[in-house]
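User: Got a fold open here and I'd like to talk it through. Can you pull it up?

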Amino acid sequence: RTQNFSATGNPPIIMAATLLSSKKAFGASINQYEHVSTVLGCTMKFSVIDGLAGKEGKKPVIYWLSGLTCTDRNFVDKAGAFEAAVQCGVAIVCPDTSPRGVDIAGDEASWDFGKGAGFYVNATEPLWDKHYRMYDYVTKELPLLVAGLFAVSGQSIMGHSMGGHGALTIALKNPGMYASVSAFAPSAT
């Protein structure tokens with residue numbers, strides 16, 4: 001099922017997200033979406049653990065940034081956060097860690113660079129700078145997309161490893177944008 005909506009902007013941006021799968025666990029909805037990212041120039045997936053599924057009103061959102069080699073499904077499949085999301089009344093949004101479906105020479109040569117390793121920064125080198133814009137994706141495009149899917153009351157950011165580094169650097173670069181930031185074993189070398 002595809003949801004079309006316009007996001008704020010001048011002119012308004014028409015965005016669409018397709019629901020790929022939906023499950024329930026411990027009272028939470030676990031949804032995986034796909035959309036065409038204008039920032040990254042490719043199709044992206046993200047998952048949402050909705051602890052307020054079926055309830056009216058705005059939802060606090062936590063953006064979870066995963067570590068090296070992960071996808072949007074790692075935290076969803078391994079963390080067991082469904083019951084906690086319901087108890088705390090939050091939605092946890094899990095983006096992929098890099099653009100997918102884009103082939104750049106060398107993007108699969110190493111586990112810590114390229115596919116699965118976007119580091120939540122914007123690339124500056126030619127060839128990479130067109131698609132590897134994960135900072136803009138996480139701070140601009142994805143929040144607009146999420147706000148089009150459900151009403152948001154505030155946002156926090158957290159992550160593990162590469163994602164912990166991403167959460168820290170993104171929050172520090174954007175004072176006031178996030179209610180809180182947490183990093184678990186952040187990559188800081």
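User: How do the residues lining the second largest pocket divide into nonpolar, polar and charged?

Analyst: They divide into 7 nonpolar, 4 polar and 1 charged. Keep in mind that this is a predicted model.

User: Noted. Which residues line the second largest pocket, then?

Analyst: The lining is Phe113, Gly114, Ala117, Gly118, Phe119, Val121, Asn122, Ala123, Thr124, Glu125, Trp128 and Tyr132. The space in this second largest pocket is about 180 Å³.

User: And what volume does the largest pocket have?

Analyst: About 260 Å³. There are 16 residues lining the largest pocket, and the closest to its centre are Tyr33, Asp50, Lys59, Leu149 and Phe150.

User: Which elements give two or more residues to that lining?

Analyst: β2 (13-25), β3 (28-37) and β4 (42-50). Of the elements, β3 gives the most, with 3 residues. By type, the lining of the largest pocket divides into 6 nonpolar, 6 polar and 4 charged.

User: Back to Lys59 for a sec. Which ring does its charged end sit over?

Analyst: The ring of Phe150, with the charged end 4.8 Å from the ring centre. Lys59 and Phe150 are both among the residues closest to the centre of the largest pocket. Lys173 has its charged end over a ring as well, that of Tyr135, 5.2 Å from the centre.

User: Tyr135 is in α3, right? Where does that helix kink?

Analyst: Tyr135 belongs to α3, and the kink is at Leu142, shortly before the proline Pro143. The bend is about 35 degrees, in a helix that covers residues 134-149.

User: How many residues of α3 are buried?

Analyst: 12 of its 16, which leaves the helix mostly covered. Leu142 and Pro143 are both buried, and so is Tyr135.

User: New topic: aromatics. How many aromatic pairs does the structure hold?

Analyst: It holds 4. In one of them, Trp64 and Phe184 have ring centres 6.1 Å apart and planes at 35 degrees, so the pair counts as tilted.

User: Where do those two residues lie?

Analyst: Trp64 is in strand β5 (residues 59-65) and Phe184 in strand β8 (residues 181-184), so the pair ties together parts 120 residues apart in sequence.

User: Trp64 first: buried or exposed?

Analyst: Trp64 is buried, at 8% relative accessible area. Its partner Phe184 is partly exposed, at 42%.

User: Which residues do ring pairs link into a cluster?

Analyst: Trp64, Phe75 and Phe184.

Note on methods
Residues are numbered from 1 along each chain as its sequence is written. This is a predicted model: local features need pLDDT of at least 70, side-chain atom pairs count only at pLDDT 80 or more; totals for chains, interfaces and linings use all residues. Side-chain values use heavy atoms; hydrogens and water are left out. The bend at a residue is the angle between axes fitted to the seven residues ending there and the seven starting there. Helices (H or I, at least four residues) and strands (E, at least two) are DSSP runs, numbered from the N terminus. Buried means under 20% relative accessible area, exposed over 50%, partly exposed in between (1.4 Å probe, protein chains only). Rings of Phe, Tyr and Trp (its six-membered ring) pair if their centres lie within 6.5 Å; planes under 30 degrees apart count as stacked, over 60 as edge-to-face and the rest as tilted. A charge sits over a ring if NZ of Lys or CZ of Arg is within 6 Å of the ring centre and within 35 degrees of the ring normal. On a 1 Å grid over the protein atoms alone, a cavity is a set of points where a 1.4 Å probe fits but cannot get out, and a pocket is an open set with protein on both sides within 12 Å along at least five of seven lines; lining residues have an atom within 4 Å of a point. Grid points are joined across faces, edges and corners, and a volume is the space filled by probe spheres set on the points. Ala, Val, Leu, Ile, Met, Phe, Trp, Tyr, Cys and Pro count as nonpolar, Asp, Glu, Lys and Arg as charged, and the others, Gly among them, as polar.
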